[in-house]
Amino acid sequence: MQEQSFQAKLVKECIRLAAGNRLIGPKIKMGELQRHLVDKEPLWRKPEDVLWERKKLANCMVEVVQPPIPGKYALLHLHGGGYVNPLRNIYRSFAYKYAMMCGGMKVFSTDYRVAPEHTHPSALLDAIASYEMILDMGYTGDQIFVAGDSAGGGLAVALCMWLREHDRPMPAKLVLMSPWLDMTASGGSYTDNYDKDPMFGGTKESMIYRGDYRDDHDPKDPYLSPLFGDFSGLPPMLIQVGEIEMLRSDGECAAQKVQQCGGRATAQCYAGMFHVFQMGLSQIPESATAWEEVQKFLEGMRAESDE
């Protein structure tokens, strides 16, 4: 097994110390601290080589990041945050990474409604509205990718299940980073990694268990927990998980279900890594490698489409 990088070890320990702090730890695990900091974030320092604008939909905002001359592909980006945190600067940096792939493409990041003010199915409805907006702009399903991390990963799969069931054009591919697909926390990693996960481990007082977004809905509803849904007919998926995160089994089980239905899914498990470690961007070697794999996955479809 490859030796974990010094940067990854350092970040993991910082997460462990912060999440284990008696004063701020519970707020981090519940997402309250992150939500509080959103309003205090400075304006995103937009890279000079992209354009950035905000579009208003009926119930949410969609941010668009694009190179000056985008190609023919678009990507719908659904951010994480346990359904309780709005769009943050780190996700704008995600959008920039995506925008530089496939020869340059427009990236639409949905700032969907979040709990506790807005419960299920508000986030899903906003994701659907965003996807329909992209179609209305002239993109076809095979020109659209969908990507999501954590709660956004769950939304991405739920969106595709909704599109299939309503006979709407399906996106070309899905990128799922540490997807949250099981609100019942029934997978093996919820127990196996209970004391290993630096972010959520060691307690059930966290956003994983609290269910603010779920409210009184059935946690096995596939639009909340896609793992309990039908995986037939879904787009090819790249699923990336961290070895020690509690949500690891969500992604790995999803890949198995896709394959059992005759679909295409690749699950990549990164040794020693934590929940959505891709936030390290290029600063952590394992994160940089994961982003390179995403680019290969998406541009593989581009190469097939352009033949």
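**Fold dimensions and salt bridges of the predicted model**

At a relative accessibility of 18%, E132 is classed as buried. In this predicted model, E132 pairs with R168 in a salt bridge whose closest N and O atoms lie 2.8 Å apart. The two residues connect distant parts of the chain: E132 belongs to helix α5 (residues 122–136), whereas R168 lies 36 residues away in the loop between α6 (151–165) and β6 (173–177). R168 is partly exposed, at 33% relative accessibility.

The search of the whole structure yields 12 salt bridges. Among them is the pair formed by R248 and E252, with a closest N to O distance of 3.0 Å. Both residues are located in helix α9 (residues 248–260), where a separation of four residues corresponds to about one turn of the helix. R248 is partly exposed, with a relative accessible area of 25%, and E252 is likewise partly exposed, at 24%. Elsewhere, E32, R210 and D212 are joined into one network by salt bridges with shared partners. A further salt bridge, at 2.7 Å from N to O, brings together the side chains of K9 and E3; K9 is partly exposed at 38%, while E3 is exposed at 58%.

Across the chain, 32 side chains are positive and 40 negative, and the centres of these two sets are 4 Å apart. The secondary structure comprises 10 helices and eight strands. The radius of gyration is 18 Å, close to the 19 Å given by the globule rule for 307 residues, and the chain is therefore as compact as a globular protein of that length. Of the 307 residues, 56% are buried. Among contacts with a separation of 6 or more, 77% involve residues 24 or more positions apart.

Definitions and conventions. Residues numbered from 1 in each chain as written. Predicted model: local features only at pLDDT ≥ 70, side-chain atom pairs only at ≥ 80, totals over all residues. Heavy atoms only, no water. Rg over C-alpha atoms; globule rule 2.2 N^0.38 Å. Buried < 20%, exposed > 50% of the residue type's maximum accessible area, 1.4 Å probe, protein only. Contact = heavy atoms within 4.5 Å. Lys, Arg positive; Asp, Glu negative; His and termini not counted. Charge placed at Lys NZ, Arg CZ, Asp CG, Glu CD. Salt bridge = Lys/Arg side-chain N within 4 Å of Asp/Glu carboxyl O.
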